[in-house]
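Please look through the structure below with its helices, strands and cysteines in mind. The paragraphs after it take up a few local features in turn.

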Amino acid sequence: MSNNNIRVRFAPSPTGPLHIGGVRTALYNYLFARKNGGKCILRVEDTDQTRFVPGAEAYIQESFEWCGITFDESVSKGGPFGPYKQSERKDIYKQYADQLFASGHAYLAFDTPEELTAVRQAFEAEKKTFTYNAEERKKLRNSLTLAESEVKELLNNNTPFVVRFKMPEDETIVMNDLIRDRVEVSTKVLDDKILFKSDGMPTYHLANVVDDHLMEISHVIRGEEWLPSLPLHVMLYKAFGWQSPEFAHLPLLLKPDGNGKLSKRDGDRLGFPVFPQQWTDPKTSEVSRGYREDGYFPDAFINMLALLGWNPGDDRELFNMEELTEAFSIERIGKSGSKFDLEKAKWFNHQYLIKRSNESLAELLLPIAVEKGVLVEPEQLAEAVGLVKERATFVTDLWDQLDFFFVRPESFDAKAVKKRWKAASYDQMTELKNLLADLDDFSAEQTESATKAWIEEQEYGMGAVMNAFRLLIVGALKGPHLFDIIALIGQEETLERLDNGLHELGRKEVQK
RNA sequence: GCACCGUUCGUCUAGCCAGGUCAGGACGCCAGGUUUUCAUCCUGGUAACACGGGUUCAAAUCCCGUACGGUGUACCA
């Protein structure tokens, strides 16, 4: 399906690292655009000069690259509707603020922040809440209350001012949300929001409406925290005489324990990442962990995130980006917030780890082996990976599952020794060593049949022999099929480990 | 405070719009089975319609109210 009229955007503010809620919003935008053959735009909303954080923009871009979310138009990529950074569009907003003032939909306000704070405090003292609305604007210093000559003079003196939206006094605004359907609100409870700040920059409200219109955005898919300002945005479209886009307000991602919006602190507190990748605060040098550094695969991360608030309507749970694109629809996004579940996230990663080829996993594992100072052949490593990958969640646990393939046991698990190293073990293992030494074919099939035949012939206990054998080879009672292990480490190494172990554990005295 | 949004197993959720299912699946947890060990795997189990009214032969589903939670209420986004 192709629809060139579908255009969506993700519009982060570069005030810090993008958290997973933002990534999910971007993902839904991306999936919706791809599904419908539309375009997905990345726009940087940096109209708040006081909250600029160095590195945040680069972080956002890098995170999306890691996740596999791409944009058709962006700051780095450019596009026919640029610039894509709001600080570079400053002059555009001024022009539209003027237009609104000229048409009577907005007015100039000269109240200083200090004056407003004072008014707010006065209201608070009387247990009332101040809102700059139709009633209160009559008592404040703005172009509606001041004489035209006064306004002119203030402007000539370069007195700072803001542009406020003149909210109609009593009107019912009817809005439609793709997720929540019809939403209604009265302008009585709304206030005259600032559209243009005294520093010459627009606020989010003006900038986002102007840009969405100019960039021909057809669907605004954003977080639920924007729902309360939807009436203002709808009124702005109306004031400009523009057709408003469709809106979809996504439910929030919640803390795993208790309630509330997921925040940076929760990750530190509960021990899971809130960010796609690691972030170092440039001011405090505080480091926040990321999914990438924690060992998650980007496709597992995306899969997990996609299912947090959306479902395909059937029992499928494993989706790559193509499959997600195919299955995605706004109709199947839920209405209520979802809590992040660490266990489920791990399960997803486990699924993706199993799916990955032994060779590619070995490649990821190689640096860890090097770090541990262990020399391994990539082919051998891949083979070992194949034997143990079902038991791992992350590439790093993979090493713990197979280190014994490459490192001869230096110690023997005390509990296991106590339980499995019996009086007869020393002699049995010596016999087994001689038996294995004589074999020409050291394949798993051969060693297994020879060993089992010998056990049967000698009438030894299968459990007793195999556990003692495993103890000497692995150093503990763990790991995959023992004959697969010795086939991989080879005859020479097997015999040496047996020798070593026999020497280490020695003959156990018969207990009295 | 006010406004708006929401509420199905511990968690993610299906079912709700077009009332009739033992309220389904997944993660987790528990038990059993397989196995030379650990893990995997297989089988089974545990566990939910926030509450109260109403409409109806019949309500998780429609209506009203209550409670609880969330978001917003900045010259932040």
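After helix H3 comes Gly-104, which has a positive phi, near 85°. The model is a predicted one, and H3 is a convenient place to enter it. The helix covers residues 90–102, and at 1.5 Å a residue its 13 residues should span 18 Å; the C-alpha atoms at its ends are 19 Å apart, which agrees.

Which residues of H3 are buried? They are Tyr-93, Tyr-96, Ala-97 and Leu-100. Viewed down the axis of H3, these buried residues fall within an arc of 105°, so they line one face of the helix. An α-helix has 3.6 residues a turn, so residues three or four places apart point the same way. On the other side of H3, Asp-91 and Ala-102 are exposed. The cover over the buried residues of H3 includes strand E3 (106–109) and strand E7 (194–196), along with helix H6 (204–214) and helix H7 (230–240).

Strands E3 and E7 also belong to a sheet. This sheet is open and has three strands in the order E3-E4-E7, paired antiparallel. E3 and E7 are its edge strands, each pairing on one side only. Ignoring direction, neighbouring strands of the sheet are turned by 45° against each other on average. Strand E4 (residues 162–165) pairs with E7 in the antiparallel sense over two bridges. Arg-164 stands opposite Ile-194 in E7.

Helix H14 (residues 378–388) can be read in the manner used for H3. Its buried residues are Leu-381, Ala-382, Ala-384, Val-385 and Val-388. Seen down the axis of H14, they fall within an arc of 165°, so these residues line one face of the helix. Glu-379 and Glu-383, on the other side of H14, are exposed. What do the buried residues of H14 pack against? Their partners are helix H13 (358–371), helix H15 (395–406) and helix H20 (482–505).

The cysteines remain. How many disulfides are there? The count comes to zero, the rule being that the two cysteine sulfur atoms must lie within 2.5 Å. For Cys-40, the closest cysteine sulfur is that of Cys-67, and at 13 Å it is too far for a bond. Cys-67 is likewise in no disulfide, its nearest cysteine sulfur being that of Cys-40, 13 Å away. Cys-40 is buried, with a relative accessible area of 1%. Cys-67 also counts as buried, at 6% relative accessibility.

Note on methods:
Residues numbered from 1 in each chain as written. Chains lettered and ligands numbered in written order. Predicted model: local features only at pLDDT ≥ 70, side-chain atom pairs only at ≥ 80, totals over all residues. Heavy atoms only, no water. Buried < 20%, exposed > 50% of the residue type's maximum accessible area, 1.4 Å probe, protein only. Helix = DSSP H or I, 4+ residues; strand = E, 2+ residues; numbered from the N terminus. Arc of directions from axis to C-beta. Contact = heavy atoms within 4.5 Å. Expected span 1.5 Å × (residues − 1). Pairing = 2+ DSSP bridges. Axes fitted to C-alpha atoms, helices over the stretch in contact; angles between N-to-C directions.
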